[in-house]
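Trainee: I would like to test the labels in this model against their cut-offs. Can we take them one at a time?

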Amino acid sequence: MSELFGNDPFWVVALKSVLIFVFLLVYTLFNIWFERRVVAKMQHRIGPNVNGPFGLLQSLADGVKLALKEDIVVKAADKAVYIIAPILAVIPAFLAWAVIPFGPEVTIPFTDTVTPLQLTDLPVAVLYVLAVTSIGVYGIVLAGWSSGSIYALLGGLRSSAQVISYEVAMGLSFVSVFMYAGSMSTSEIVAAQSDLWYFIPLFPSFVIYCIAMVGETNRAPFDLPEAEGELVGGFHTEYSSLKFALFFLAEYINMVTVSALATTLFLGGWRAPFGIGQIDDGYFNTGYWPILWFFGKTLFFIFVFVWLRGTLPRMRYDQFMSFGWKILIPISLAWIVAVTFIRKLRSEDMLDQDVLVPVAIVVGVLAVLTFFIPEKKQPPEPEEVEFDAFAGGYPVPPMPGQRAEHESAATDDTKEVRS
């Protein structure tokens with residue numbers, strides 16, 4: 001880590017904090033517009049195009065409208081918790097950005113002060129991000145509980161189970177990165193990717209993280225806490241005005257947060273793409289150029305979020321939880337064991353690159369072929385047996401494999417009519 005962390009003047013820390021806050025607000029407004037435009041193109045619609053050039057001010061207009069709407073508090077709500085919940089959801093989304101690196105050390109314009117394009121760093125910075133972002137689920141759970149509505153409560157409970165499940169897989173996907181980089185510091189992880197971005201040697205971890213981050217942010221097709229058709233809107237059913245806007249803001253900032261973390265851990269962070277970074281002795285990896293590469297990489301992940309929302313239907317909750325616990329987590333554990341074994345063999349000079357690459361290709365092909373194995377067919381259901389539903393003096397519904405006498409008679413009548 002740089003020696004400048006923790007030694008910046010107060011005005012530099014305050015300036016970087018304000019710039020990060022403004023960046024996240026503006027990026028959120030842009031992402032809302034970007035999502036609506038991309039989904040509109042996918043559905044052969046126009047999308048926002050009236051307010052401002054290309055409709056860029058539509059998000060700002062929507063935010064102002066939400067802030068000026070009437071703030072309604074339901075009678076059954078626990079008012080103190082009801083007000084604190086949206087604040088508790090949005091604040092951790094901002095705090096996570098304290099350790100995200102935007103670029104290398106630069107000189108602040110019009111001064112002689114040198115500072116890294118990062119607020120601060122920690123020896124366990126990635127664990128700090130996991131700890132902070134996990135607090136946001138308390139805001140969602142408390143919002144559902146304090147609203148006094150059973151629908152909102154169900155949405156909050158779903159969210160807690162969902163985030164816990166997919167945070168386990170997300171945390172396990174980081175372990176292989178820590179082993180390769182030899183550090184949990186975000187700046188040192190970026191520095192370790194100067195020659196090779198980690199999404200190449202750690203591709204399974206990258207895929208697992210990408211799946212887990214969609215479930216972590218409650219985005220489609222994993223937006224079960226907001227299942228409108230089942231829960232009338234989820235945990236924020238009873239919220240309006242600025243409080244609802246805070247939940248909206250937290251969701252979009254969390255999207256950018258997980259995208260920035262994926263960029264930092266797997267795509268080289270702020271480093272320029274291959275080919276560009278080697279031009280003019282790495283000129284495009286110095287100064288303020290890295291901010292452009294960082295922004296472009298995070299925007300790629302935002303596009304993936306939007307793409308998934310516009311193409312995939314929502315999963316059933318049992319499918320969603322089964323996928324997290326029975327597939328993602330076991331694969332993550334197996335991959336960690338494999339990475340540990342490979343690192344140990346390479347450190348002992350028992351495995352070289354010429355052998356590792358063919359073995360990895362063969363294993364990858366076998367893993368892909370497993371998806372083409374047909375599922376076991378369900379055994380045929382036994383023929384239904386007729387029974388008298390009124391034998392005991394009162395009607396009894398049929399059990400599986402049984403059929404009431406009046407149902408069979410109605411079926412026979414229907415066949416006669418059709419014939």
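Trainee: Where is the place of Ser241?

Mentor: Ser241 sits in helix 9. Keep in mind that this is a predicted model.

Trainee: Why is Ser241 called buried?

Mentor: Buried means under 20% relative accessible area. Ser241 has 4%, so the label holds. The backbone is worth a look too: phi is positive at about 55°, although Ser241 is not a glycine.

Trainee: Which residue follows helix 1 with a positive phi?

Mentor: His44, with phi near 60°. His44 is not a glycine either. The residue lies in the loop between helix 1 and helix 2 (58-68).

Trainee: Is His44 buried or exposed, and how do you know?

Mentor: Exposed needs over 50%. His44 has a relative accessible area of 76%, so it is exposed.

Trainee: How do you know that the length of helix 1 agrees with its residue count?

Mentor: Helix 1 covers residues 10-42, which is 33 residues. At 1.5 Å a residue, the expected span is 48 Å. The end C-alpha atoms are 47 Å apart, so the two values agree.

Trainee: What makes Leu246 partly exposed?

Mentor: The class runs between the buried cut-off of 20% and the exposed cut-off of 50%. Leu246 has a relative accessible area of 22%, so it falls in that class. Leu246 lies in helix 9 (residues 241-266).

Trainee: Which residues does Leu246 touch, beyond those up to four places away in sequence?

Mentor: Pro86, Ile87 and Val90. Leu246 and Leu66 are 180 residues apart in sequence, yet 9.9 Å apart in space, C-alpha to C-alpha.

Trainee: How do you know that Gln118 is buried?

Mentor: The cut-off is under 20%. Gln118 has 2% relative accessibility, so it counts as buried. Its place is the loop between strand 2 (114-116) and helix 4 (125-146).

Trainee: What does the side chain of Gln118 reach?

Mentor: One target is the backbone oxygen of Val99, at 2.9 Å. Another is the backbone oxygen of Thr120, also at 2.9 Å. A polar contact requires N or O atoms within 3.5 Å, so both distances meet that limit. Beyond four places in sequence, the contacts of Gln118 include Phe5, Lys16, Thr186 and Ser187.

Trainee: Which peptide bond is cis?

Mentor: The bond joining Ala220 and Pro221, with omega about 5°. Pro221 is in the loop between helix 7 (203-216) and helix 8 (228-231).

Trainee: How many aromatic pairs does the structure hold?

Mentor: The structure holds 36. In one of them, Phe102 and Phe294 have ring centres 5.1 Å apart and planes at 55°.

Trainee: Why is that pair called tilted?

Mentor: Rings pair if their centres lie within 6.5 Å, and tilted covers angles from 30 to 60 degrees. With 5.1 Å and 55°, Phe102 and Phe294 meet both conditions, so the pair is tilted. The two are 192 residues apart: Phe102 is in the loop between helix 3 (79-95) and strand 1 (105-107), and Phe294 is in helix 10 (residues 289-311). Both Phe102 and Phe294 are buried.

Trainee: What makes the pair of Tyr239 and Phe247 edge-to-face?

Mentor: Edge-to-face needs planes over 60 degrees apart. The planes of Tyr239 and Phe247 are at 80° and the centres 5.1 Å apart, so the pair is edge-to-face. Both residues are buried.

Trainee: Which residues do ring pairs link into a cluster?

Mentor: Among them are Phe23, Tyr27, Trp33, Trp97, Phe102 and Phe294.

Trainee: How many residues does the largest nonpolar core have?

Mentor: This core has 79 residues. Its largest share, 13 residues, comes from helix 9. Trp97, Phe174, Tyr209, Met213 and Leu265 have the most contacts inside the core. Beyond four places in sequence, Phe174 touches Val126, Leu130, Tyr209, Leu261 and Leu265.

Trainee: And the whole chain: how many helices and strands?

Mentor: There are 13 helices and four strands. Of the 419 residues, 42% are buried. Among contacts with a separation of 6 or more, 75% join residues 24 or more positions apart.

Technical notes. Residues are numbered from 1 along each chain as its sequence is written. This is a predicted model: local features need pLDDT of at least 70, side-chain atom pairs count only at pLDDT 80 or more; totals for chains, interfaces and linings use all residues. Side-chain values use heavy atoms; hydrogens and water are left out. The expected span of a helix is 1.5 Å times one less than its number of residues. Buried means under 20% relative accessible area, exposed over 50%, partly exposed in between (1.4 Å probe, protein chains only). Contact means heavy atoms within 4.5 Å. A nonpolar core is a set of buried Ala, Val, Leu, Ile, Met, Phe, Trp, Tyr and Cys residues joined through side-chain atoms within 4.5 Å. A polar contact is a pair of N or O atoms within 3.5 Å; within protein, one must be able to donate a hydrogen and the other to accept it, and residues adjacent in sequence count only if both atoms are side-chain atoms. Rings of Phe, Tyr and Trp (its six-membered ring) pair if their centres lie within 6.5 Å; planes under 30 degrees apart count as stacked, over 60 as edge-to-face and the rest as tilted.
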